[in-house]
Amino acid sequence: MKISKAQAQENRERIVGAASTLFRERGFDGVSVGDLSKAAGFTHGGFYNHFASKDALAALALESAFAAMAGHRERARDLAEMLTHYLSQAARKAPGRSCPAAALGGDAGRGSDDVKAAFAGGVEQMIASVEARLPDTPDRRARALGVVTRIAGALMLARAVPDGPLADELLETNLRLAIAEAS
């Protein structure tokens with residue numbers, strides 16, 4: 001049965017959305033094409049009607065995840081609120097709905113050039129959104145790079161350790177230091 005172009009685009013977006021979440025939760029290698037198809041409500045064979053490969057989907061899923069995070073950053077009243085949300089327990093416990101930089105940095109580093117380019121684009125967006133909220137000084141970009149590196153690393157490490165004092169300390173200390181660094 002033939003479907004309309006609009007329906008095909010909707011189906012494609014559904015797969016990208018499912019992939020965006022699943023990849024952040026499990027990593028690129030932890031998700032099969034079958035998993036992606038099932039999560040989006042399609043058959044395994046239907047996947048290849050939309051994407052040349054899982055790798056092609058990974059790049060699009062990264063772009064989608066970074067775009068969603070950009071929306072969260074834009075809604076923050078100020079940099080402190082943005083950073084507080086980013087380094088929260090809620091973000092730590094929900095990798096599928098939070099920052100792809102913290103969830104997929106290692107995976108992207110082993111990915112294709114397209115995956116790396118999508119990841120770099122998202123990181124550049126993060127840097128730009130932080131930079132735009134910093135005072136206009138000659139070292140503003142360097143400070144934004146430092147803040148983004150600090151928060152992504154802190155969130156990644158906080159997820160990698162068990163719930164408890166170390167996870168809390170990683171989030172709380174780096175939040176305090178990132179806010180101070182941004183002042």
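**Figure 1. Surroundings of the buried residues of helix α8 in the predicted model.** The cover over the buried residues of α8 includes α4 (54-75), α5 (79-86), α7 (100-109) and α9. The residues of α8 that count as buried are Val115, Ala118, Phe119, Gly122, Met126, Ile127, Ser129, Val130 and Glu131. Helix α8 has 19 residues, which at 1.5 Å a residue should span 27 Å; the end C-alpha atoms of α8 lie 26 Å apart, in agreement with this. An α-helix has 3.6 residues a turn, so residues three or four places apart point the same way.

**Figure 2. Packing of helix α4 against helix α8.** The two axes approach within 8 Å, and the crossing angle of α4 and α8 is roughly 10°. Angles under 35 degrees count as roughly parallel, so α4 is roughly parallel to α8. From α4, the residues in contact are Asp55, Ala58, Ala59, Leu62, Glu63, Phe66, Ala67, Ala70 and Arg73. Their partners in α8 are Asp114, Val115, Ala118, Phe119, Gly122, Val123, Gln125, Met126 and Ser129. Sorted by class, this contact of α4 with α8 has 11 nonpolar, 3 polar and 4 charged residues.

**Figure 3. Helix α4, its length and its buried residues.** The 22 residues of α4 reach 32 Å from the first C-alpha to the last, close to the 32 Å expected at 1.5 Å a residue. Buried in α4 are Leu57, Ala58, Ala59, Ala61, Leu62, Ala65, Phe66, Met69, Ala70, Gly71 and Arg73. Among the α4 residues that meet α8 are Ala58, Leu62, Phe66 and Arg73.

**Figure 4. Crossing of helices α8 and α9.** Helix α8 (residues 113-131) packs on helix α9 (residues 140-160) at an angle of about 120°, and their axes are 8 Å apart. The two helices α8 and α9 are therefore oblique to each other. The crossing of α8 with α9 is right-handed. On the α8 side the contact involves Glu124, Met126, Ile127, Val130 and Glu131. On the α9 side it involves Arg140, Arg141, Ala144, Leu145, Val147 and Val148. The contact of α8 with α9 has 7 nonpolar, no polar and 4 charged residues by class.

**Figure 5. Environment of valine 130.** Valine 130 is a residue of helix α8. The relative accessible area of valine 130 is 1%, and under 20% counts as buried, so valine 130 is buried. Beyond its neighbours within four places in sequence, valine 130 is in contact with Leu79, Met82, Ala144, Val147 and Val148. The C-alpha atoms of valine 130 and serine 88 are separated by 17 Å, with the two positions 42 residues apart along the chain as counted by their spacing.

**Figure 6. Crossing of helices α1 and α2.** Helix α1 (residues 5-26) packs against helix α2 (residues 33-40) with axes 9 Å apart and an angle of about 125°. That angle makes α1 oblique to α2. The crossing of α1 and α2 is right-handed. Helix α1 contributes Arg14, Ile15, Ala18, Ala19, Leu22, Phe23 and Arg26 to the contact, and helix α2 contributes Asp35, Leu36, Ala39 and Ala40. The classes in the contact of α1 with α2 are 8 nonpolar, no polar and 3 charged residues.

**Figure 7. Helix α1 and the residue after it.** At 1.5 Å a residue, the 22 residues of α1 should span 32 Å, and the end C-alpha atoms of α1 are 31 Å apart, which agrees. The buried residues of α1 are Asn11, Ile15, Val16, Ala18, Ala19, Ser20, Leu22, Phe23 and Arg24. Glycine 27 follows α1 and has a positive phi, near 85°.

**Figure 8. Proline 95 and arginine 159.** Proline 95 sits in the loop between α6 (89-92) and α7. With 21% relative accessibility, proline 95 counts as partly exposed. Apart from residues up to four places away in sequence, proline 95 touches Arg24, Glu25, Ala103 and Arg159. Arginine 159 belongs to helix α9. Leaving aside neighbours within four places in sequence, arginine 159 is in contact with Ala91, Arg92, Ala94, Pro95, Ser98, Cys99, Ala102 and Ala103. Arginine 159 and glutamine 89 are 70 residues apart along the chain, and their C-alpha atoms are separated by 9.6 Å.

Terms used: Residues numbered from 1 in each chain as written. Predicted model: local features only at pLDDT ≥ 70, side-chain atom pairs only at ≥ 80, totals over all residues. Heavy atoms only, no water. Axes fitted to C-alpha atoms, helices over the stretch in contact; angles between N-to-C directions. Helix = DSSP H or I, 4+ residues; strand = E, 2+ residues; numbered from the N terminus. Parallel < 35°, antiparallel > 145°, perpendicular 65-115°, else oblique. Left-handed = near helix turned anticlockwise from the far one by under 90°. Contact = heavy atoms within 4.5 Å. Nonpolar A, V, L, I, M, F, W, Y, C, P; charged D, E, K, R; others polar. Expected span 1.5 Å × (residues − 1). Buried < 20%, exposed > 50% of the residue type's maximum accessible area, 1.4 Å probe, protein only.
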